[in-house]
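Q: I would like to learn how to read pockets and a bound ligand in a model. Can you take me through one case?

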Amino acid sequence: MEMKFEARSDLKEKPQGALGFGKYYTDYMAVVDYDEDQGGFHDARIVPFGPIELNPASMVLHYAQETFEGLKAYKTKDGRILLFRPEKNAARFANSNDRLSMPKVSEEMFIGAIEELVKLEKDWIPTGEGESLYIRPYMFATEAQVGVHPAKSYKFMVICSPVGAYYPEGVAPVKIWVEDEYVRAAPGGTGFTKCGGNYAGSLKAQEKAEAHGYTQVLWLDGVNRKYVEEVGSMNVMFVIDNKIYTAPIEGTVLPGVTRDSILHILKDWGYEIHEEHLAIEDLMQAAREGRLQEAFGTGTAAVVSPVGELCYKGEKAVINNFETGPLTQKVYDTLTGIQWGDLEDKYGWTREVK
Ligand code: COI
């Protein structure tokens with residue numbers, strides 16, 4: 001895909017010190033317009049990062065036709081730039097768009113726009129411990145129409161942010177609130193997509209969790225509020241009796257790229273994997289009996305994030321003495337070792353940006 005380039009004269013200062021997550025943005029962004037009456041996608045360009053103009057009637061502002069992705073660019077010790085399984089993000093983005101009646105972005109256009117932008121912004125890829133360039137592709141309805149129907153015009157955009165750890169705790173155990181009132185997704189809904197609406201509906205529970213001193217919410221299934229699904233910004237895995245439990249991908253849980261990669265790694269290490277509905281009562285019982293050995297979240301932003309405590313209906317379960325467990329640490333080291341190019345990529349997951 002040919003992308004026009006508009007240079008800026010005033011390059012920004014790179015941030016110093018702790019990056020946090022999503023606080024800084026790079027100099028440029030990628031934009032591609034879509035108009036049904038112009039034959040689809042057109043005017044692919046890289047322009048200075050900055051405000052965009054939107055008609056107040058743009059449909060995204062009223063009916064939330066919006067989807068997004070998250071992936072990272074890593075700089076290796078010998079200066080190469082790696083992406084991690086971007087074709088998985090491209091495929092999920094296409095599935096999200098399909099579910100929201102939005103035009104699909106081809107893998108070629110999705111990865112092409114990302115690679116162009118990352119090449120240009122390579123000096124923004126931070127190289128401190130655990131740091132990377134977070135890439136946020138997204139698309140939204142721009143048609144000015146307050147009648148409800150799938151829009152006829154959209155913008156596909158990519159922005160980048162140099163990041164460190166997602167959670168204020170850094171790579172350290174987080175406290176998770178098991179939500180038994182609000183739900184995130186129901187069968188037939190949009191739970192498997194990355195659409196902004198899923199996150200908007202989750203914030204109330206997130207606020208509740210934070211008010212109780214917890215970092216994130218663990219969602220239960222939307223029908224019975226019984227089975228464990230996922231955490232606000234990551235999938236979640238439990239180690240019980242040396243076996244791995246995680247929710248199956250059946251439409252309500254996000255099919256995480258990190259989740260899939262870690263399940264591959266764990267299978268290779270000989271672990272028995274149970275992708276099945278785990279009742280919260282059984283999980284709490286395993287914790288009471290000392291059989292819940294470790295728990296960790298998995299996600300692009302969160303990477304591998306140990307869970308140190310669960311709180312369900314007032315009962316607290318502290319996991320592994322609120323310390324990062326040995327398997328969690330090994331999974332973290334292996335995954336990040338592949339992502340940052342320090343370990344052999346025997347799965348062929350990394351893609352060099354040249
Ligand atoms: C990611 O892990 O990339 C996410 O999109 C999760 C969150 C920041 C919304």
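**Pockets and ligand**

A: Start with the ligand; note that this model is predicted. A polar side-chain atom of Lys194 lies 2.9 Å from an oxygen atom of the ligand.

Q: Which other residue has a polar side-chain atom beside an oxygen atom of the ligand?
A: Tyr134 does, at a distance of 2.6 Å. A pair of N or O atoms counts as a polar contact within 3.5 Å.

Q: Where does the backbone come in?
A: At Ala301, where a backbone N or O atom lies 2.8 Å from an oxygen atom of the ligand. As for cover, the ligand taken alone exposes 280 Å², and the protein buries 90% of that.

Q: Which residues surround the ligand?
A: The shell consists of Phe68, Gly70, Tyr134, Arg136, Tyr166, Lys194, Tyr199, Ser233, Thr300 and Ala301. By class, five of the shell residues are nonpolar, three are polar and two are charged.

Q: How is empty space found in the first place?
A: A probe the size of a water molecule is rolled over the atoms, and this shows where empty space is left.

Q: In which pocket does the ligand sit?
A: The ligand occupies the largest pocket, whose volume is about 610 Å³. That pocket has a lining of 35 residues, and Arg136, Tyr166, Lys194, Tyr199 and Ser233 are the ones nearest its centre. Two or more lining residues come from each of β7 (132-141), β8 (153-163), α5 (203-211), β10 (216-220), α6 (257-268) and β15 (292-299).

Q: Which element gives the largest share of that lining?
A: Strand β8 does, with four residues.

Q: How does the lining of the largest pocket divide by residue class?
A: There are 16 nonpolar residues, 14 polar and five charged.

Q: What volume does the second largest pocket have?
A: Its volume is about 260 Å³. The second largest pocket is lined by 14 residues, and those nearest its centre are Lys77, Glu129, Gly130, Trp340 and Asp342.

Q: Which helix gives the most to the lining of the second largest pocket?
A: Helix α8, which spans residues 326-339, contributes three residues.

Q: And how many residues of each class line the second largest pocket?
A: Three are nonpolar, six are polar and five are charged.

Technical notes
Residues numbered from 1 in each chain as written. Predicted model: local features only at pLDDT ≥ 70, side-chain atom pairs only at ≥ 80, totals over all residues. Heavy atoms only, no water. Near = heavy atom within 4 Å. Polar contact = N/O pair within 3.5 Å; in protein donor to acceptor, adjacent residues only side chain to side chain. Areas by Shrake-Rupley, 256 points an atom, 1.4 Å probe, with all protein chains shown as cover. 1 Å grid on protein atoms, 1.4 Å probe; cavity = no way out; pocket = protein on both sides within 12 Å on 5 of 7 lines; lining within 4 Å. Sits in = over half its atoms within 2 Å of the grid points. Nonpolar A, V, L, I, M, F, W, Y, C, P; charged D, E, K, R; others polar. Points joined across faces, edges and corners; volume = space filled by probe spheres on them.
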